[in-house]
Amino acid sequence: MARRAHPTTPSKLILSLVIGFLALAGVGAYFFQKDANPFRTVEKLNPSDYYENANSLRGNIYQIEGTILNSLAWNPEKGRLFSIRVTTGDSKNWPLPILIPSSLRQINIQKNQTYRAKVRINDSGILLVEEVQKS
Amino acid sequence: MEVSLPEAPLPLLSNISAWYPASHFGAILGPSGCGKSTLLKVIAGIVPHTSGSIFWHGRNLEETDLPPGELGYVPQFSCTQPLLTVRENLTYSARLRRCASTQEMSDIIDQVVEETGLTELQDRRAGVLSGGQLRRLGLAMELTTQPSLLLADEVTSGLDPKSEEEITLLLSSLAQEKGRLVLLVTHSLRFLDFYDSVTILSAGRLIYSADPRDLTAYFNVATPEGIYPALAKRDAGTWAEEWLHLPHPPELTPTSVLDEIESEIARADEEKSSELPSFPSQASTWFFRRLKLFLRDPAQVFLQLSLLLVFPVIVTLFAYRGLPSVRNMAMSADSGVVDQLREALAFTIQSSRIGTLVSGLAMFQVILLALMGSNNSAREVVGDRSILEKEKLAGIRPGAVLLGMTLFLSFLVFLQSLWMTLFVRAVCQFPGNILAQFLPFFMVTGAITALCLGISSWSSSSEQASLGSLYLVGFQLPLSGAILALPDSLGTLTRPFISAYWAWSGYLQTLRDTRFYDLVRSISETPLSSYSMALWILLIHFGLGLAFAYFGIRRSQWR
């Protein structure tokens, strides 16, 4: 046994501590990822599928992330209709119509601003926003 | 017993065998570099021996070390706090080493002060004491636990003859109490009559260990001053072999047996009364001592106040009129293409200006807080290393030291991050939740302080610790990606380790509901982490810093 003035620290202890911290960081990162994208469990909309046949997607729920292009229409009862640009992995830009219902009127939507939204494709083929947040 | 170093061709100490009875004052003599101090450090347990055993009252010290209160070790260098008075030095030392009520503690100090002749000096600061007075104080600090083994390393070196005689006499009288063994390392051959035994070393070999009255006859010299020249005439190995083959007196005599019994009884009494203080008690003593030292040092208080007040002012110079308002783009596409392009251009220019300003102000606050963090703790351990090592030998737990330091530093961290948040927010008119903005700043200052505490605890000099801490802060800005975006792969690799990135990200997330956030996002290619993730990683950095510091404090670093 080492004497008090020169204690030895087993390298295994230090190694386990480092691994412990890394594991803690990893576990925390996994759980806190939820905050980064609350819709991570929702399927991403493939714009080409939408362009091909929007009717076939009616009633489905997707997540999209895009930049607001223009305000297209506004109705105090139905809400605000915008065009949003969604960029896919192959760097293609897809303008899509997105309807923010009047129940979400408190959200300040601005041009060139990027949002992440959970949308349902309604009977008219428009993306109806159920939840939205800035990305 | 033998002590060797892997890099040294010859052992530092070789074939050393000696025995000392209780109530004994022994001197360890020899020319410079002969291994006297090494031998004392081996007995204290500071230097590990390569082979052999050391026994104390029949116990092998490698199996059961000396209880902290039973060992007193007075190093050659001063281990006192110059800003504290003699009495304060003694009081804090005693509080770290033994349990006692306030009255009992005061009585112990009174007794020790009187014993060491420091009564008249007890209200004087240690920084103004003479060399001899400092050695007395060093001895007095060890006597607060009434150790039964007192080791003094060159405590008479460099003193005037009168002080040397006084200290030697004091040590001699201390050896008469409670069966105590006192061993003094010295190269002085004066006052040989005061010693009960003399051990002489030369080139790491034991040359002589017996009564000082037989010394001149053994070395065949007229006066003790002739011993060192006589030693030089023959090889140390020859002297050592000669000593080994001489018949030695039996180790236990009736007198020494009585002394041993007396010493055992005294030791049993001591063990009962010298239990170590609890972990929280040691931590709070360390904390209050540190706080007192801080308040006693006007330069340190002035520096901390200057940083606290000036750094936030520097940040606000860039937006002392408040943050500019943001002009949004028209939503409709009714205007002409030229107008739309003109508007888009104006918006891009605005984004670049305001986004850069907001992102820069956030990062500027973070970097200045990181600088304050490094200033808080870069010298915290390394500056007090000699005192820390001695207190560890006397029984303080490394965890208690760390807790005491952390408590003290937490006050600084709290004040620095709170004032930065409040001042910059008030002047620049930052929107967002105030508590949410305070937290990333508090965490990043705490994380950098903890990491620099770790650096300090592993550094061998203040300069090394300061440089290491400065590098840690210096790399935060370029590797955070806040000013210049890093290549994706490099950014992914470095970001987890850069505290500033997480604090910057966390702070910007508090602006998420404002247009400032959008403008920063539009100009920065570096991805922002979520708020909770940022706080979590900063907490991990803080924990890593503390763990790093704990092992640094725990390891032995005697100089």
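This short talk walks through a predicted model of two chains, A and B, starting with their domains and ending with a single residue.

Let me begin with the division into domains. In chain A the assignment gives domain 1, residues 10–41, and domain 2, residues 47–134, and the centres of these two domains, taken over C-alpha atoms, are separated by 35 Å. Chain B is likewise assigned a domain 1, made of 24–46 + 64–269, and a domain 2, made of 279–329 + 357–554, with 46 Å between their centres, again over C-alpha atoms. Where these two domains of chain B touch, 14 residues of domain 1 are in contact with 14 residues of domain 2. On the domain 1 side of that contact, strand 4 and helix 2, residues 86–97, of chain B each supply at least two residues, and helix 2 of chain B has the largest share, with four residues.

Staying with chain B, I would like to turn to its sheet. Which order do the six strands of this open sheet follow? Reading across, the order is 4-5-6-1-7-8, and the pairing is mixed. The edges are strand 4, residues 71–74, and strand 8, residues 205–210, of chain B, each of which pairs on one side only. Neighbouring strands in this sheet are turned against each other by 15° on average, if direction is ignored. At one edge, strand 4 of chain B pairs with strand 5 of chain B, residues 149–153, in the parallel sense and over four bridges, and within that pairing Leu71(B) has Leu149(B) as its bridge partner.

Several helices are placed against these strands. Helix 4 of chain B, residues 131–143, lies across strands 4 and 5 of chain B and runs at about 165° to strand 4 of chain B, while helix 8 of chain B, residues 236–244, lies across strand 7, residues 197–202, and strand 8 of chain B, running at about 40° to strand 8 of chain B.

Helix 5 of chain B, residues 161–174, deserves a closer look. Its 14 residues should span 20 Å at 1.5 Å a residue, and the end C-alpha atoms are indeed 20 Å apart, so the expected and computed spans agree. The buried residues of helix 5 of chain B are Glu164(B), Ile167(B), Thr168(B), Leu170(B), Leu171(B) and Leu174(B). Because these residues cover an arc of only 155° around the axis, they are on the same side of helix 5 of chain B. On the other side of helix 5 of chain B, Pro161(B), Lys162(B) and Leu169(B) are exposed. What do the buried residues of helix 5 of chain B pack against? Their partners are strand 1, residues 24–29, helix 4, strand 5 and strand 6, residues 181–185, of chain B.

For another helix of this chain, consider helix 15 of chain B, residues 434–458, whose 25 residues should span 36 Å at 1.5 Å a residue and whose end C-alpha atoms are 37 Å apart, which agrees. Helix 15 of chain B is mostly covered, since 20 of its 25 residues are buried.

Now to chain A and its strands. Strand 3 of chain A, residues 93–101, and strand 5 of chain A, residues 127–134, pair in the parallel sense over two bridges, and here Ile98(A) stands opposite Leu127(A). Strand 4 of chain A, residues 114–121, runs antiparallel to strand 5 of chain A and is joined to strand 5 by seven bridges, with Arg116(A) and Gln133(A) as bridge partners. The hairpin of strands 4 and 5 of chain A has five residues between the strands, and in that hairpin Gly125(A) takes a positive phi near 85°.

Finally, how do the two chains meet? In all, 25 residues of chain A are in contact with 34 residues of chain B. On the chain A side, helix 1, residues 11–36, and strand 1, residues 61–75, are the elements that give two or more residues, and helix 1 of chain A gives the most, with 10 residues.

I will close on Ser71(A), which lies in strand 1 of chain A. Is Ser71(A) buried, exposed or partly exposed? With 17 other C-beta atoms within 10 Å, this residue falls between the limit of 12 or fewer for exposed and that of 20 or more for buried, and therefore Ser71(A) counts as partly exposed. Leaving aside residues up to four places away in sequence, Ser71(A) touches Arg80(A) and Phe82(A), and also Met331(B) and Ser332(B). Ser71(A) and Gly59(A), 12 residues apart in sequence, are 24 Å apart in space, C-alpha to C-alpha.

Definitions and conventions:
Residues are numbered from 1 along each chain as its sequence is written. Chains are lettered from A and ligands numbered from 1 in the order in which they are written. This is a predicted model: local features need pLDDT of at least 70, side-chain atom pairs count only at pLDDT 80 or more; totals for chains, interfaces and linings use all residues. Domain bounds come from an automatic or database domain assignment. Two strands pair if DSSP finds at least two bridges between them. Axes are lines fitted to C-alpha atoms, for helices over the stretch in contact, and angles run from 0 to 180 degrees between N-to-C directions. Two residues are in contact if their C-beta atoms, placed from the backbone, lie within 7 Å. The expected span of a helix is 1.5 Å times one less than its number of residues. The arc is that of the directions from the helix axis to the C-beta atoms.
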